[in-house]
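Welcome! Let us take a walk through a protein together, from its overall layout to its core, its charge pairs and its surface.

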Amino acid sequence: MAKSSTRRVTIFINGKEVEASVKQIRAEMNRLVNEQNRMVIGSDEYIAHAKKIKELRGYLKEHARNIGSAASAWSEMYNKVLQFGTGIGGFTQILSTLDNITSTLKQVATDLAAMDDVYSDVIKTTGLTREEVDELNESFSFNI
């Protein structure tokens with residue numbers, strides 16, 4: 001069974017809470033990048049924006065990893081269902097084969113019982129022993 005986990009992320013930028021939806025995280029990151037583009041490279045403000053941008057990118061990467069994990073889990077489950085279906089098909093073939101073997105054994109048992117009745121009739125009629133009837137039967141067999 002797949003594990004389900006829910007995680008609440010609260011993001012504060014400049015003391016203001018930003019809702020943690022992917023769309024809003026991207027929007028906030030784009031806003032920060034645009035602001036940073038107008039700043040002096042290496043300034044304290046520039047570095048602070050870079051840290052915030054890096055943090056937001058981390059949230060988006062984690063989101064992408066989670067989606068990848070979910071997709072992987074679904075793919076694995078799908079493959080197991082396919083294997084199970086194939087297994088059922090194989091199991092059905094095995095059951096069919098066993099059914100055929102059972103039918104064949106029943107027919108062999110019926111034929112042996114009929115042959116035994118014939119042997120008994122021959123023994124009663126001729127007074128021969130079982131071994132003698134077996135030899136007689138062998139003499140009637142054809143080697144093709």
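## The overall layout

The protein has three helices and two strands. Reading from the N terminus, its elements come in the order β-β-α-α-α. Helices (H or I, at least four residues) and strands (E, at least two) are DSSP runs, numbered from the N terminus. Helix H1 covers 22-37, helix H2 covers residues 44-126, and helix H3 covers residues 130-140.

Before going on, please keep in mind that this is a predicted model, in which local features need pLDDT of at least 70, side-chain atom pairs count only at pLDDT 80 or more, and totals for chains, interfaces and linings use all residues. Residues are numbered from 1 along each chain as its sequence is written, and side-chain values use heavy atoms, with hydrogens and water left out.

## What lies inside

How many of the 144 residues, in percent, count as buried? The value is 11%. Here, buried means under 20% relative accessible area, exposed means over 50%, and partly exposed lies in between (1.4 Å probe, protein chains only).

Which residues make up the largest nonpolar core? There are seven of them: Ile25, Met29, Leu32, Ile53, Leu56, Tyr59 and Leu60. Helices H1 and H2 each supply at least two residues of this core, and H2 gives the most, with four residues. A nonpolar core is a set of buried Ala, Val, Leu, Ile, Met, Phe, Trp, Tyr and Cys residues joined through side-chain atoms within 4.5 Å. In soluble globular proteins, nonpolar side chains tend to be buried together.

## Charge pairs in helix H1

Now for the salt bridges. A salt bridge is a side-chain nitrogen of Lys or Arg within 4 Å of a carboxyl oxygen of Asp or Glu. By this rule, the count comes to three salt bridges. Side chains of opposite charge can pair when their charged atoms come close.

Glu28 and Arg31 form one salt bridge, at 2.4 Å from N to O. Both residues lie in helix H1, three residues apart, which is about one turn of the helix. Arg31 also meets Glu35 in a salt bridge, at 2.3 Å from N to O. These two lie four residues apart in helix H1, again about one turn of the helix. Glu28, Arg31 and Glu35 are thus linked in a network of salt bridges.

How covered are these three residues? Glu28 counts as buried because its relative accessibility is 10%. Arg31 is partly exposed, with a relative accessible area of 32%, and Glu35 is partly exposed as well, at 23%. You can also look from Glu35 to Tyr46: these residues are eleven apart along the chain, and their C-alpha atoms are separated by 8.8 Å.

## A link between helices H2 and H3

Where do you find a salt bridge that links distant parts of the chain? Arg130 forms a salt bridge with Asp116, and their closest N and O atoms are 2.9 Å apart. Arg130 is in helix H3 and Asp116 is in helix H2, 14 residues apart. Arg130 is partly exposed, with a relative accessible area of 35%, and Asp116 is partly exposed, with a relative accessible area of 35%.

## Patches on the surface

Patches are made of residues with over 30% relative accessible area and no salt bridge: like charges are joined within 9 Å, and nonpolar side chains (Val, Leu, Ile, Met, Phe, Trp, Tyr) within 5 Å. Accessible areas come from the Shrake-Rupley method with a 1.4 Å probe, and for residues only the protein chains shown count as cover. Lys and Arg count as positive and Asp and Glu as negative, while His and the chain ends are not counted. The place of a charge is taken as NZ of Lys, CZ of Arg, CG of Asp or CD of Glu.

A nonpolar patch is formed by Phe91, Ile94, Leu95, Leu98, Ile101 and Leu105, which together have about 590 Å² of accessible area. Leu105 lies in helix H2 and is exposed, at 55% relative accessible area. Lys54, Arg57, Lys61 and Arg65 gather in a patch of positive charge. Arg65, in helix H2, counts as exposed at 55% relative accessibility. A negative patch is made by Glu131, Glu132, Asp134, Glu135 and Glu138. Glu138 is found in helix H3 and is exposed, with a relative accessible area of 57%.
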